[in-house]
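Welcome! Here is a short guided walk through a protein model, written for someone meeting it for the first time. Please have a look at the sequence and the structure before reading on.

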Amino acid sequence: MPVIVNPEACQNECDALLAYLEAQRGGIRRSVHGLTEEQARSAPSASALSPAGVLKHVVTGERGWLRVLQGKAGDAKDEMAEWEHTFEPTEDETVEALLALYDEVARETEEAVRALPSLDATFEAIRLPWDEGGTRTWRWAVLHLIEEVARHAGHADIIRETIDGKGAFDLVFETGAMPEPDWSVLER
């Protein structure tokens with residue numbers, strides 16, 4: 001996403017990883033900014049994805065990872081059952097509700113990561129069809145979350161631009177996530 005992570009927010013590895021994760025979350029949040037519920041649930045591109053569906057997926061995914069990290073995950077079948085419908089918001093899962101849940105999950109993730117004695121702390125990842133599972137570090141998990149959210153933020157960008165022509169930079173400036181640069185410096 002086209003936002004600069006403030007270097008001062010990156011005083012140590014933990015701060016840097018959390019700042020980059022939050023920057024990617026911002027891309028997801030901005031993808032639904034200003035859309036009606038109907039627009040947010042629309043799937044106007046070649047895929048079946050909608051902005052609200054991508055939002056639900058990243059919220060559910062991060063919440064699932066947090067359960068795994070904290071040793072509170074169900075078995076693989078339970079986790080798969082939840083995952084299968086992550087791109088399909090229910091009627092009650094409005095954009096507003098999903099954004100509120102995303103804020104809560106993000107806060108819980110940040111608290112859990114900051115409570116660690118070290119990012120070298122380990123957890124047991126459960127075996128899933130796409131992952132062998134096994135012992136992993138929390139560092140690996142936070143990097144994986146950044147990777148996943150960034151990938152889906154890109155999907156959300158394309159879907160959003162298809163809906164109303166607003167690209168990622170438009171939304172960054174519109175939401176005040178970053179001031180619009182002084183483009184005249186390029187003319188000098």
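A residue is called buried when its relative accessible area is under 20%. Keep in mind that what you see is a predicted model.

**Helix H7 and what follows**

Which residues of H7 are buried? They are Ala 168, Leu 171, Val 172 and Phe 173. These buried residues pack against two other helices, H1 and H6. Helix H7 itself covers residues 168-175, and Gly 176 comes after H7 with a positive phi, near 80 degrees.

Val 185 sits in the segment after helix H7. With a relative accessible area of 43%, Val 185 is partly exposed. Together with Trp 183 and Leu 186, Val 185 makes a nonpolar surface patch of about 340 Å².

**The nonpolar cores**

Now let us go inside. The largest nonpolar core has 37 residues, and those that touch the most other members are Ile 28, Leu 55, Tyr 102, Val 113, Phe 123 and Trp 138. At least two residues of this core come from each of these elements: helix H1 (13-31), H3, helix H5 (95-114), strand E1 (122-125) and helix H6 (138-164). There is also a second, separate core of 7 residues, and Val 3, Ala 19, Val 172 and Phe 173 are among them. You have met Val 172 and Phe 173 already, as buried residues of H7.

Two members of the largest core are worth a visit. Setting aside residues up to four places away in sequence, Ile 28 touches Val 54, Leu 55, Val 58, Tyr 102, Val 149, His 152, Ala 153 and Ala 156. Leu 55 belongs to helix H3 and, with a relative accessible area of 0%, is buried. Which residues does Leu 55 contact, leaving aside neighbours within four places in sequence? The partners are Ile 28, Val 32, Val 95, Leu 98, Leu 99 and Tyr 102. Leu 55 and Ala 156 are 101 residues apart along the chain, yet 8.3 Å separates their C-alpha atoms.

**A pair of strands**

Strand E1 also gives residues to the largest core, and its side chains alternate. Phe 123 and Ala 125 point to one face and are buried, while Thr 122 and Glu 124 point to the other face and are not buried. E1 runs antiparallel to strand E2 (residues 134-137), and 4 bridges join the two. In E2, Arg 136 is the bridge partner of Phe 123.

**Salt bridges**

How many salt bridges are there? The count comes to 15. Here are three of them, with the separation of the closest N and O atoms where the pair meets.

| Acidic residue | Basic residue | N to O distance |
|---|---|---|
| Glu 22 | Arg 29 | 2.5 Å |
| Glu 111 | Arg 107 | 3.3 Å |
| Asp 120 | Arg 139 | 2.5 Å |

Let us take the pair of Asp 120 and Arg 139, whose side chains meet in a salt bridge. Asp 120 is in the loop between H5 and E1 while Arg 139 is in helix H6, so this pair ties together parts that are 19 residues apart in sequence. Asp 120 is partly exposed at 48% relative accessibility, and Arg 139 is partly exposed at 22%.

The pair of Glu 111 and Arg 107 stays within one element: both lie in helix H5, 4 residues apart, about one turn of the helix. Why does such spacing suit a pair of side chains pointing the same way? An α-helix has 3.6 residues a turn, so residues three or four places apart point the same way. Glu 111 is partly exposed, with a relative accessible area of 45%, and Arg 107 is partly exposed, with 43%.

Glu 22, which pairs with Arg 29, is partly exposed at 32% relative accessibility. Glu 22 also belongs to a network of salt bridges that links Glu 22, Arg 25, Arg 29, Glu 62 and Asp 103.

Is Glu 62, one of the residues in that network, buried or exposed? Glu 62 counts as buried because its relative accessibility is 1%, and the cut-off for buried is under 20%. Glu 62 lies in helix H3 (residues 51-69). Not counting residues up to four places away in sequence, Glu 62 touches Arg 25, Tyr 102, Val 105, Ala 106, Thr 109 and Leu 145. Among these, Arg 25 is a fellow member of the salt-bridge network, and Tyr 102 is one of the core residues that touch the most other members.

Note on methods. Residues numbered from 1 in each chain as written. Predicted model: local features only at pLDDT ≥ 70, side-chain atom pairs only at ≥ 80, totals over all residues. Heavy atoms only, no water. Buried < 20%, exposed > 50% of the residue type's maximum accessible area, 1.4 Å probe, protein only. Contact = heavy atoms within 4.5 Å. Patch = residues over 30% accessible without salt bridge, like charges linked within 9 Å, V, L, I, M, F, W, Y side chains within 5 Å. Areas by Shrake-Rupley, 256 points an atom, 1.4 Å probe, with all protein chains shown as cover. Salt bridge = Lys/Arg side-chain N within 4 Å of Asp/Glu carboxyl O. Core = buried A, V, L, I, M, F, W, Y, C linked by side-chain atoms within 4.5 Å. Pairing = 2+ DSSP bridges.
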